[in-house]
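Trainee: Could we go through this model together, one step at a time? I would like to learn how each description is reached.

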Amino acid sequence: MTESSSGLKDGVDAPLSNSRYGPAYSAKMVSAIASCTAAITRLDARFCVSSVASAWARRAAWSGYTRALQLQSAEIDEIDVFSWGCGLQIPGRPLRSTNLDLFDRFPAWEAALRDPDPLAWRDALPTAIGEIEIAADHSPLIRALDRVRQHARLDSTALPWLSLPFALRDKGMVTTPLPCLVGGVKAFRLKRTVGDEDWYAAMRSLEASATANLARLHELEKLHRAAQHAIVAEYRPGHLPGLAALLHHRPLLSPQSLAELLSMSVAGASKLLGRAVDCGLLVEITQRRTWRVFLSTDLAIEFGFAAPKRGRSRNVVPPPPASRELSEVFDAFDREMENIDKLLQHRAESL
């Protein structure tokens, strides 16, 4: 009986050797691969057509970087990375370390995510990373995870975990790197031979991240619609469109940070935040009169700062009748979103 390099014996399919490449393909493993692949595909398809893709990508980068830090055994929660990204410290949360910079790799990684060159990240990988011939018989998901596994064995930093979005892009699973799809398992670095349970854990974790961030994208789109309704309902919206646009990219705000970003007084910013709370766009997460901090409603509920709504969900408010004036208001709001995105990107590049 002869065995070919593709794992075939006398024309009959044979299980691929687990010691050579990837996991053993049991029914449980195949189901996990299919389920994880479907979750990633759904997220990619929704992201490509979303009107809030840029704002979601910024939030997703904070989420993905949290996962990378946790795989490095850093004791940090997602809300703390969000607060770092927004330049604020939430009262009652642990203070960030002053002798160790956990975020030193974030600027370069974020810039790579925006880089239109699809080969830039891959060309910078160690030359020892490659694929054997039998890899072509495996799914793109396994091949992407194996590239992370090889990288993790060579590099002890968070860089291998941060490379998974690019590996998924290179294997054709997504059209652009989705920053929330950072992942892997510690066994990729610590074990010479990765067991089936480790492959399974990596895929289940990646699927959970894709599913959770798809739900976040849905909630961010709901926030976008709520902001449009709030602007239309205001007789004199003033700076409310600017705040609503900023809220998509900076979900955590204080009067001081808002005043700096929108070039207004702290007193005016405090009143504007109060208007946003009345409109249901923000939740105040500090109960004090000074150094107040506000969080977008969707994240306030997710992070436990506000109670979720109970009972039967209310009907979605129908859009107002189409008109030239309304179209101009929405176009102005979209331009405000673009301006805020450019402003924050320029500030990040200048740091």
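Mentor: Let us begin with a term: a crossing is left-handed if the near helix is turned anticlockwise from the far one by less than a right angle, and right-handed if clockwise. Please keep in mind throughout that this is a predicted model.

Trainee: Which hand does the crossing of helix 2 and helix 4 have?

Mentor: The two elements to look at are helix 2, residues 53–71, and helix 4, residues 106–114, whose axes come within 11 Å. Applying the term just introduced, the crossing of helix 2 and helix 4 is right-handed.

Trainee: What word describes how helix 2 and helix 4 lie to each other?

Mentor: Two packed helices are described by the angle between their axes and the distance between the axes. Here the axes of helix 2 and helix 4 cross at roughly 130°. Angles over 145 degrees count as roughly antiparallel and those from 65 to 115 as roughly perpendicular, and therefore helix 2 and helix 4 are called oblique.

Trainee: How many nonpolar residues does the contact of helix 2 with helix 4 have?

Mentor: From helix 2 come Arg-58, Ala-61, Trp-62, Gly-64 and Tyr-65, which meet Phe-106, Trp-109 and Arg-114 of helix 4. Sorted by class, this contact has two charged residues and one polar residue, and its nonpolar residues number five.

Trainee: Where does Ser-263 lie, and is Ser-263 buried or exposed?

Mentor: Ser-263 is placed in the loop between helix 12 (255–262) and helix 13 (266–278). Its relative accessible area is 67%, and since exposed means over 50%, Ser-263 is classed as exposed.

Trainee: What is the phi of Ser-73 near?

Mentor: Most residues other than glycine have a negative phi. Ser-73, in the loop between helix 2 and helix 3 (78–85), instead has a positive value although Ser-73 is not glycine. The phi of Ser-73 is near 70°.

Trainee: Is His-224 buried or exposed?

Mentor: His-224 is found in helix 10, which covers residues 196–233. The relative accessible area of His-224 is 6%, and because under 20% counts as buried, His-224 is buried.

Trainee: With which side chain does the side chain of His-224 make a polar contact?

Mentor: Leaving aside residues up to four places away in sequence, His-224 touches Ser-51, Val-52, His-248, Phe-333, Asp-334 and Met-337. Among these, the polar contact of the His-224 side chain, at 3.2 Å, is with the side chain of His-248.

Methods
Residues are numbered from 1 along each chain as its sequence is written. This is a predicted model: local features need pLDDT of at least 70, side-chain atom pairs count only at pLDDT 80 or more; totals for chains, interfaces and linings use all residues. Side-chain values use heavy atoms; hydrogens and water are left out. Helices (H or I, at least four residues) and strands (E, at least two) are DSSP runs, numbered from the N terminus. Buried means under 20% relative accessible area, exposed over 50%, partly exposed in between (1.4 Å probe, protein chains only). A polar contact is a pair of N or O atoms within 3.5 Å; within protein, one must be able to donate a hydrogen and the other to accept it, and residues adjacent in sequence count only if both atoms are side-chain atoms. Contact means heavy atoms within 4.5 Å. Axes are lines fitted to C-alpha atoms, for helices over the stretch in contact, and angles run from 0 to 180 degrees between N-to-C directions. Angles under 35 degrees count as roughly parallel, over 145 as roughly antiparallel, 65 to 115 as roughly perpendicular and the rest as oblique. Ala, Val, Leu, Ile, Met, Phe, Trp, Tyr, Cys and Pro count as nonpolar, Asp, Glu, Lys and Arg as charged, and the others, Gly among them, as polar.
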